[in-house]
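User: I would like to learn how to read backbone and packing features in a model. Can we start with a loop residue and work outward?

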Amino acid sequence: MSAVSAELKLPSVRDVLGRSDYAIISQLVEPNTRVLDVGCGEGELLHWLALHKGVDARGVEIVGSKVQRAIARGVSVYQGDIDQGLADYPDDAFDYVILSQTLQEVRKPLKVLKEMLRVSQRAIVAFPNFGHWTVRLSHLWSGRAPQTKLFPHDWFDSPNIHFLTIHDFEALASREHWTVERAIYLSGDTSVRIFPNLMAEVGVFVVRK
Amino acid sequence: MIVETQIVRFDSLPLDCGVILAPVDVAYETYGELNAAGSNAILLLHAFSGDAHAAGISHDGGKPGWWDNMVGPGKAFDTTKYFVICSNVLGGCKGTTGPASINPETGRPYGMSFPVISISDMVRLQKKLVNHLGISRLLAVAGGSMGGMQVLEWAVAYPESVACVIPIATTSRHSAQQIAFNEVGRQAIMADPDWCEGDYYDKKPPARGLSVARMVGHITYMSDDSMREKFGRRFRTQEPLPDFSSVFEVESYLRYRGSQFVDRFDANSYLYITKAMDLFDITNGHGSLPVALERTQSRFLVISFTSDWLYPTYQSLEIVSALRGRNRDVAFCELQSNYGHDAFLVDVGEQTDLIRGFLSSTYRERVARAS
């Protein structure tokens, strides 16, 4: 596994996309490739990738109003459920499948990850790190379900149904024999180099079968 | 925008049934200007009872087009940007050759001697028109309901001739329920003694049968919600009496729409066109939907509506699923509407945003590729 990539420019597209994981993902994707963004929201990332990197951009999103805005942006988005949304695609249909800030919300994360690696050469997965020190402290001090900047929801209305840490994801990748091509750890706009499981708010992984 | 329907005559058209129809007239309208590269042309395909008059105000009757809310300057099909074409379908009664046209061999209207036509015959004729207008590749082909079936046929039959396609509230083939409703309409017409085996052109037309057929049609175009909202249980007459003289508003509306239809539609066209819809199956000759759609090269935007029970979302999803299975470029959205199947004609706000964005990104790509 490679360490934090020093050659990555830090958020060049943050102004456009407003999220540091998008800024990294937009740099990880090679030009003129086929990209599927699962849980693509309003298609901002795909739109940017299509415009600036000439990618063949597709998306899956469940919320109708977001699908409408994505299509109105000119991005080919399919309105459907992520847990089943990948089943129709043939094997190796894409060069990259992106799952950004959504893994913790899907019902069957392992099934989704396996499907991603079936339909694509590479999966780019970004998720909030439940191992971040603020989460640990919040839980330790309050004795209640943690509420932090990263996980702001009350337990009863949180969209998050799986709470994973960077170590958890690495363990799963190793168990499934996936190759982690890159791992980037982010805190705000900056990359984290030491103790990522404690210090990183978000982990971005590029994995291959 | 005052518009006028034009007519072009072609020597002949070979039909799927083996007959060569000759000659064939096509009624059409155009809006906007074709650009120098010929790359901004959009063909609109009307639904069952539509015609070539899609937009603007007709110069004779002063009537707005059937998709006037979607076609025009600044609208979804922006005529300041695109060159938009719409023609009346083969078998129709609004200027294109159909059963009411004169058979040159007999000097009398075809009636039931008109050959059985198909959706692909309609599309073959549209291709002739598009060629005649000097367009080799359309930017888009779009339409709802039966128009959507023609859209699918375009994408499969002429994959290189259209950059993107927009099938709305449609299906790759009719279900038993859809065939059943059409059959009720046909039987209503044929049961009318004035139908005379289709030979009524110099007599009284089968007005009662045709208007009942239209009444059934209108019920299927609306939804339970939209009918409740529009009519509820309100009476037309002020004091409802317990007899047949009392008329619910919904009854009065259906009768009005039925009788109005008789003035503008030919009963034999009703028979021929509904039959073409029922017999349409895009998988014919291909074996399966994925195999049929694998031929396509266009970008797809598939739209359905939540309350459309005549062409339910599952039928759109079958198309979308087959396209994704062959890794074709497809966008799909089910829009929220209470208007039932009519939504694509009347509830056009969100549909406009989708189509505008989809068209402009396709057009941008096309211009970028050409330069």
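Analyst: Start at B:S145, which sits in the loop between β13 (138-144) and α2 (146-157) of chain B. The model is predicted, so local features are read where pLDDT is at least 70.

User: What is the phi of B:S145?

Analyst: Phi is positive there, about 60°, although B:S145 is not a glycine.

User: Is B:S145 buried or exposed?

Analyst: Count neighbours. A residue is buried if 20 or more other C-beta atoms lie within 10 Å of its own, and exposed if 12 or fewer do. B:S145 has 27 within 10 Å, so it is buried.

User: Which residue of chain A has a positive phi, and where does it lie?

Analyst: Look at A:N32, with phi near 55°; this residue too is not a glycine. A:N32 lies in the loop between α2 and β1 (34-38) of chain A. Now apply the neighbour count. A:N32 has 10 other C-beta atoms within 10 Å, so it is exposed.

User: The helix before that loop is α2 of chain A. How many of its residues are buried?

Analyst: First the general idea. An α-helix has 3.6 residues a turn, so residues three or four places apart point the same way. Now the case. Helix α2 of chain A spans residues 20-28, and 7 of its 9 residues are buried, so the rest of the structure largely encloses it. The buried ones are A:S20, A:D21, A:Y22, A:A23, A:I24, A:I25 and A:S26.

User: Now strands. How many residues of β5 in chain B are buried?

Analyst: General idea again. In a regular strand the side chains alternate between the two faces of the sheet. Strand β5 of chain B covers residues 24-31, and 6 of its 8 residues are buried, which leaves the strand mostly covered.

User: Which strands pair with β5 of chain B, and in what sense?

Analyst: Read the bridges. Strand β2 (residues 6-10) of chain B joins β5(B) through 5 bridges, running antiparallel. Strand β10 (residues 83-87) of chain B also pairs with β5(B) in the antiparallel sense, over 4 bridges. Follow one residue across. B:Y28 in β5(B) is the bridge partner of B:Q6. B:Y28 also stands opposite B:S87 in β10(B).

User: Where is the cis peptide bond?

Analyst: Check omega. The cis bond joins B:A22 and B:P23, with omega about -15°. B:P23 lies in the loop between β4 (20-21) and β5 of chain B.

User: Zoom out. What is the radius of gyration of chain B, and what would a compact globule have?

Analyst: Compare with the expected value. A compact globule of 371 residues would have a radius of gyration near 21 Å; chain B has 21 Å, so the two agree. Its C-alpha atoms fill a box of roughly 70 × 50 × 45 Å along the principal axes. Chain B holds 11 helices and 16 strands. Buried residues make up 52% of the chain. Take contacts in chain B between residues at least 6 apart in sequence: 71% of them join residues at least 24 apart.

User: Last, the contact between the chains. How many residues does each chain give?

Analyst: Chain A gives 15 residues and chain B gives 22. On the chain A side, the elements giving two or more residues are α4 (64-72) and β3 (76-79). The largest share, 5 residues, comes from α4(A). By type, this side of chain A divides into 8 nonpolar, 5 polar and 2 charged residues.

Methods:
Residues numbered from 1 in each chain as written. Chains lettered and ligands numbered in written order. Predicted model: local features only at pLDDT ≥ 70, side-chain atom pairs only at ≥ 80, totals over all residues. Rg over C-alpha atoms; globule rule 2.2 N^0.38 Å. Contact = placed C-beta atoms within 7 Å. Nonpolar A, V, L, I, M, F, W, Y, C, P; charged D, E, K, R; others polar. Pairing = 2+ DSSP bridges.
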